[in-house]
Amino acid sequence: MLEAIPADQLKHVGKKTDRIDSKAKLTGQATYVSDMTLPGMLYARVLTSPHARARIVSIDTAKAEAIPGVRAIVVGDELDYRLGLYVVDKAILAKGEVRHYGEAVAAVAADTLEIAEQGVEAIEVVYEELEPVLHPLKALEADAPLVHPDLSDYSYMEAAFTPQPGTNVANHTKLRKGDTAKAFEECEWIIERRYTNPSVQHVPMETHVAIVQWGHDDEVTIWSSAQSPFTLRNLFCTAFGMSHQKVRVIVPYVGGGFGGKAGIGIEPLVAVLSRKAGGRAVKLTATREQEFSLLPCRSQLTYNIKTGIREDGRILAQELTMYWDSGAYADYAVNVTRASGYSAGGPYDIPNAKVDAYTIYTNKPFGTAYRGFGHVEFFWGLERHMDLVAEAIGMEPLEFRLKNTLGPGSTTLTGEKITANTGNITKCLQTAAEAIGYRKLTSKEKAREKETGLKIGKAVVGLHKAPAMPPFTATTVILKMNEDGSVTANLSLVDYGQGTYTAVQQIVAERLGFDVSQVKVAFESDTDRDPYDWQTVASKGLLLSGNAAILAAEDLLKNAHEVAAQALRAQAVDLAHDNEKIFVRHHPESAVTFAQLAIGYAFPNGNSIGGPLVGVGRYIAQGLTHLDKETGQGLPAIDWTYGAHGLTVEVDRETGEYNVLKVVSVFDVGKVINPDEVRGQAIGGMLQGLGTATCEGYIYNEQGRLLNPSFTDNKIPTARDLPLEVDAIAIETPQIDGPYGARGVGEHSMIGVAAALGNAIQHATKAELTHMPIRYEDVWRALQKREPVDNWITKSPYGSCRSAPEIIKHDC
């Protein structure tokens with residue numbers, strides 16, 4: 001949409017513009033739900049399970065009820081509601097059985113937080129411990145305990161997902177392209193290996209927090225740190241059997257989300273506490289430890305890749321099997337599985353492919369959306385595997401990638417045709433390689449090696465991702481002209497740090513021909529007062545809301561020009577405008593200001609025309625389809641964003657210690673709307689990706705207890721962990737249906753970073769790494785050819801998580 005306008009004709013798009021929320025956040029004026037209090041508000045605390053799997057024998061709340069100031073206590077048996085985004089499988093509080101360590105068992109609302117904590121401590125629960133199932137491969141065994149014996153009774157989204165009752169499989173995504181069995185017979189090489197990574201936590205700065213007031217006539221108001229107010233409302237109303245007009249969701253500033261706040265979370269629990277407390281508002285703020293165990297995480301993945309290569313180095317066939325650890329509930333994990341299935345081949349042209357991606361229930365905290373939506377996890381294995389294949393066939397890794405990239409005329413795994421406007425993965429890879437001086441060391445780097453004794457390695461990896469969303473994904477932007485001719489934009493896409501509102505401001509100002517200072521984007525989202533948006537996920541916000549903003553601006557101008565034509569007694573076709581007024585092109589002195597038109601134009605005799613000027617823009621994703629459940633064929637992607645990372649590392653070959661010296665991230669963004677925001681997303685996501693790569697990951701004991709539910713033992717990177725040098729480069733291949741040619745880039749910067757690190761370390765040391773995070777001791781063990789400790793469970797029934805490759809060379 002408007003993608004063909006030359007850059008030199010754009011006033012705001014593509015230019016640096018200050019973020020509209022920066023001053024409010026830096027000065028502390030931005031209000032978060034964490035800051036809010038309401039008259040008579042109560043405070044809640046949650047009692048959680050110390051066991052991964054146990055039968056609830058009894059719950060005694062008598063002592064808690066006797067504590068002065070305790071106003072409401074709820075337990076699972078009194079709540080007959082079930083929650084779920086795609087598979088409706090979760091109770092508000094555990095009923096009969098707890099399914100993971102940290103699951104909510106009871107909750108207390110009291111006059112103060114301290115009293116609520118006393119109340120929780122006074123509740124007595126008797127458990128009968130049961131044997132948990134803690135790994136997805138174990139959960140697939142015939143005699144494995146069923147996490148959900150009643151799976152056949154659950155409702156689910158039948159068009160997209162396939163739960164398998166009588167098993168622990170919440171979903172099985174299948175994709176079939178060509179004939180892999182026949183193709184493997186024709187291959188010169190066949191290379192196979194397994195890759196793994198653990199669950200990790202989103203760790204937003206602001207933990208999950210909600211205030212709910214269950215008012216008279218069952219009218220419910222929810223203030224939440226949620227990413228998606230309308231999805232939250234819809235899921236809440238579905239669970240409680242309520243009309244949507246009875247529930248109001250308000251989302252002010254949000255202190256980060258990364259996917260963990262995308263669906264429905266603690267809000268139903270807070271609502272039933274409010275109802276039981278007679279309608280008093282109740283606030284629940286999750287502790288940091290509860291973020292790790294009560295609330296969802298990113299799913300663990302075990303991933304098998306088998307690749308067949310022709311004599312000329314082209315990929316002929318690939319089979320990929322993914323075992324996604326859903327944890328105790330399906331939540332977003334089933335859709336992560338679906339998205340990973342249709343993206344599984346990466347940005348490479350694979351004529352014959354077979355993908356089986358399983359979402360598997362276990363007795364662990366449940367998985368959900370996380371920045372990259374499964375791609376961070378499987379690209380770790382995919383891009384490590386590309387290097388393994390290149391080494392096996394004796395081809396330089398970047399050359400191997402470039403030989404196999406998707407390009408115009410290629411077909412994706414689901415049958416989508418790639419065009420010249422899809423993006424340019426080849427240019428991304430080449431640009432990243434050039435930026436880090438790939439294949440050689442500079443004189444400065446050679447001197448550094450000599451001075452430090454450390455070995456420098458370099459790597460380049462590719463990536464892609466499309467928004468994972470249903471065919472009916474839609475959004476709306478409304479523009480209201482104020483009395484002075486300025487404009488306020490209302491939308492329900494939530495800006496929780498990604499900067500989309502600033503981009504929308506630039507897009508609106510560009511299309512109106514206004515200064516950005518004349519456009520305000522209202523931050524608080526309110527389902528009673530703001531227009532619909534599906535969800536703030538999937539890097540779809542800029543594309544869909546940006547298009548809606550253009551359409552809203554055009555609608556506002558059309559309405560304004562119609563009134564101006566009457567006021568000026570001219571034809572609308574003869575009118576033009578600037579940022580202050582509308583005028584007759586051939587008589588520019590004949591003009592009327594936007595301020596005169598904003599709320600209705602009045603003639604000198606008192607007659608009035610028009611009325612308040614409003615522009616409405618609606619946009620829905622075009623051309624998407626469901627995927628065939630047997631073949632995976634269809635059109636799941638509104639757009640693809642391609643990218644690449646180039647990474648330079650230095651490694652101590654005796655100790656395994658390493659330092660990341662340089663990372664360059666390159667993305668084909670279609671069109672840069674705001675260069676500083678693109679750079680911010682690229683560097684921020686890259687550092688988050690390094691956290692996944694170097695130190696983050698859940699560790700459980702054999703009973704399924706999470707051993708590191710805090711920053712004491714579950715580290716995340718800080719600004720001190722930035723590489724010595726970072727850079728971000730934008731490639732611009734315009735997206736035809738994107739606003740001014742733009743496509744999303746919010747998630748992509750995190751994808752592939754871990755693989756780039758693993759490949760660079762291997763290039764420097766020959767260390768074989770197939771599990772992340774890559775700790776110093778992991779590199780040391782790999783150098784010593786010693787067995788590591790598995791990171792997803794203290795003792796693994798499946799042996800080492802480093803798998804030796806199986807390489808078959810055919811004699812032809």
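This briefing looks at one glutamine and one sheet, along with the helices that pack there. Keep in mind that the model is predicted. The glutamine is Gln201, sitting in the loop between strand 10 (189-197) and strand 11 (209-214). The sheet is an open one built from four strands.

**Gln201 and its surroundings**
- Gln201 has a relative accessibility of 3%, so it counts as buried, given that the cut-off for buried is under 20%.
- Its side chain makes a polar contact with the backbone nitrogen of Val203, at 3.4 Å.
- A polar atom of the Gln201 side chain also lies 3.3 Å from the backbone oxygen of Pro296.
- Setting aside neighbours within four places in sequence, Gln201 touches Glu291, Phe292, Pro296, Cys297, Tyr370, Glu696 and Tyr698.

**The four-stranded sheet**
- Reading across the sheet, the strand order is 21-20-19-28, with mixed pairing.
- Strand 21 (519-521) and strand 28 (614-620) are at the edges; each has a single partner strand, so one side of each has no neighbour in the sheet.
- From one strand to the next, the twist averages 20 degrees.
- Strand 19 (residues 474-481) and strand 20 (residues 487-490) run antiparallel and are joined by four bridges.
- Ile478 has Asn490 in strand 20 as its bridge partner.

**Helices on the sheet**
- Helix 14 (residues 500-512) packs on the sheet and touches strand 19, strand 20 and strand 21. Its direction makes about 150 degrees with that of strand 21.
- Helix 15 (residues 541-568) lies across strand 19, strand 20 and strand 28, and runs at about 145 degrees to strand 28.

Definitions and conventions. Residues numbered from 1 in each chain as written. Predicted model: local features only at pLDDT ≥ 70, side-chain atom pairs only at ≥ 80, totals over all residues. Heavy atoms only, no water. Helix = DSSP H or I, 4+ residues; strand = E, 2+ residues; numbered from the N terminus. Buried < 20%, exposed > 50% of the residue type's maximum accessible area, 1.4 Å probe, protein only. Polar contact = N/O pair within 3.5 Å; in protein donor to acceptor, adjacent residues only side chain to side chain. Contact = heavy atoms within 4.5 Å. Pairing = 2+ DSSP bridges. Axes fitted to C-alpha atoms, helices over the stretch in contact; angles between N-to-C directions.
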